[in-house]
Amino acid sequence: MRNPWNDYVLPRMTERLLDNRTVAVYRTRAASNLTGEVVEIGFGSGLNVPVYPEGVTKVVAVEPSLTARKLARERVEASNIPIEFSGLDGQHLPLPDASADSALSTFTLCTIPDAGQALAELHRVLKPGGTFGFVEHGLSPDPAIRRWQNRLNTTQQLIAGGCNLNRGIDQLITAHGFTINQLETFEMPGPKLAAPWGYIYLGSATRN
Ligand SMILES: C[S@@+](CC[C@H](N)C(=O)[O-])C[C@H]1O[C@@H](n2cnc3c(N)ncnc32)[C@H](O)[C@@H]1O
C-alpha cells in the first residue's frame, strides 16, 4: 500500500539530514577499505558515490525507494565508477554466491526489518576474505541513553520508515560470519537531546 510519508517525504528528509560534512567524513572512512565489485545495501540517494575509493571497479546498488533512486540519479550519472541497481531488498539479494569483493552499508542496518538476514545475504554474496565497510547508528552503552532508545523505538519506527534506535550493530555483524577488524564507537557531536539517535558504529569487517 502506498504511504506518501515513507514514499515521498522521508527519502528527501533523509537526504537533507545525512548530507553534511560530519557524516561525509564517516562515509569516507567506512568506504576506505573497499575494492573491486561492491554491493551497497540501502543505496539511498547515492551520498556515498563521491567517497568510493580508487580501487572500486563497480557498484551494485540495492535500494527499494523509487524516490531515493531518483534523488540519486545525478550522482550516479556523474560517477566514473559504473553503478548498477539490482534488487529491492537487502534481505534477498539477486546475486550469485561469492560474487562480490566488498560490501557497504551506511545508516541502513537500522532500517532493514531483519538486519541479520541482510548480513547473512552479504555473507553469501561476498567472496571469503571480502571486506564489509559500515557506518551505522545503534544501541548506546550508556544506560540512560539506552533507556530512551528503547522507549522511543516504536515511535521512531512509525515516523522513520522502520528505523530502529536500539540495535547492537557490532554484535549483529559478528553473529553473521564476519570478523570486525576496525571499529570506532562514539556519540556524534550535537545536543544531548539527540543522543538516542547519535551513537555511531564505524568500521570494517572481513567475511569469514
Ligand atoms: C537512513 S537511509 C540511508 C541511505 C544511505 N545509505 C545513506 O547513507 O545516505 C536507509 C535506506 O535504507 C533503505 N532500505 C529500507 N529497507 C531496505 C531493505 N529491506 N533493503 C535495502 N535497503 C532498504 C531505505 O529506502 C533508505 O534508502
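**A walk through the sheet, its helices and its core**

Let me begin with a single residue, Phe107, which is found in the loop between β4 and α4. Please keep in mind throughout that what we are looking at is a predicted model. Phi of Phe107 is near 55°, which is a positive value in a residue other than glycine. Is Phe107 buried or exposed? It counts as buried, because 22 C-beta neighbours lie inside 10 Å, and the cut-off for that class is 20 or more.

There is another residue to set beside it, namely Ala98, which is found in the loop between β3 and β4 and which has a positive phi of about 45° although it is not a glycine. Ala98 is partly exposed, because 13 other C-beta atoms lie within 10 Å.

From these loops let us move to the sheet. In what order do the strands of the open sheet stand? The 7 strands follow the order β3-β2-β1-β4-β5-β7-β6, and their pairing is mixed. Because β3, residues 83-85, and β6, residues 178-187, stand at the edges with a single partner strand each, one side of each is left without a neighbour in the sheet. From one strand to the next, the twist averages 15°.

For those of you who are new to sheets, strands pair through backbone hydrogen bonds, either parallel or antiparallel. Here we can find both senses. Strand β1, residues 36-41, runs parallel to strand β4, residues 100-106, and 4 bridges join the two; within this part of the sheet, Val39 stands opposite Ala103 in β4. By contrast, β5 and β7 run antiparallel and are joined by 7 bridges, with Leu202 in β7 as the bridge partner of Val135. Strands β6 and β7 also pair in the antiparallel sense, over 9 bridges, and there the bridge partner of Thr179 is Thr206 in β7. Strand β7 is mostly covered, since 7 of its 9 residues are buried.

Now to the helices that lie across these strands. Helix α2, residues 21-31, lies across β4, β5 and β7, and runs at about 165° to β5. Helix α4, residues 115-125, lies across β1, β4, β5, β6 and β7, and runs at about 150° to β5.

This brings us to the core. In soluble globular proteins, nonpolar side chains tend to be buried together. Which members of the largest nonpolar core touch the most other members? Of its 43 residues, they are Val38, Val39, Ala103 and Leu122. If we leave aside neighbours within four places in sequence, Leu122 is in contact with Val39, Ala103 and Phe132, and you will remember Val39 and Ala103 as the residues that stand opposite each other in β1 and β4.

Next, please look at the ligand, which has 19 residues around it, and of these Gly42, Gly44, Ser65, Gly90 and Thr106 come nearest. Sorted by class, the shell around the ligand has 8 nonpolar, 9 polar and 2 charged residues.

I would like to finish with Asn3, whose place is in the segment before α1, residues 4-18. Asn3 counts as exposed, because there are 10 C-beta neighbours inside 10 Å, where the cut-off is 12 or fewer. How far apart in space are Asn3 and Gly161? They are 9.9 Å apart, C-alpha to C-alpha, while in sequence they are 158 residues apart.

Notes
Residues numbered from 1 in each chain as written. Predicted model: local features only at pLDDT ≥ 70, side-chain atom pairs only at ≥ 80, totals over all residues. Pairing = 2+ DSSP bridges. Helix = DSSP H or I, 4+ residues; strand = E, 2+ residues; numbered from the N terminus. Axes fitted to C-alpha atoms, helices over the stretch in contact; angles between N-to-C directions. Contact = placed C-beta atoms within 7 Å. Near = placed C-beta within 6 Å. Nonpolar A, V, L, I, M, F, W, Y, C, P; charged D, E, K, R; others polar. Core = buried A, V, L, I, M, F, W, Y, C linked by C-beta atoms within 7 Å.
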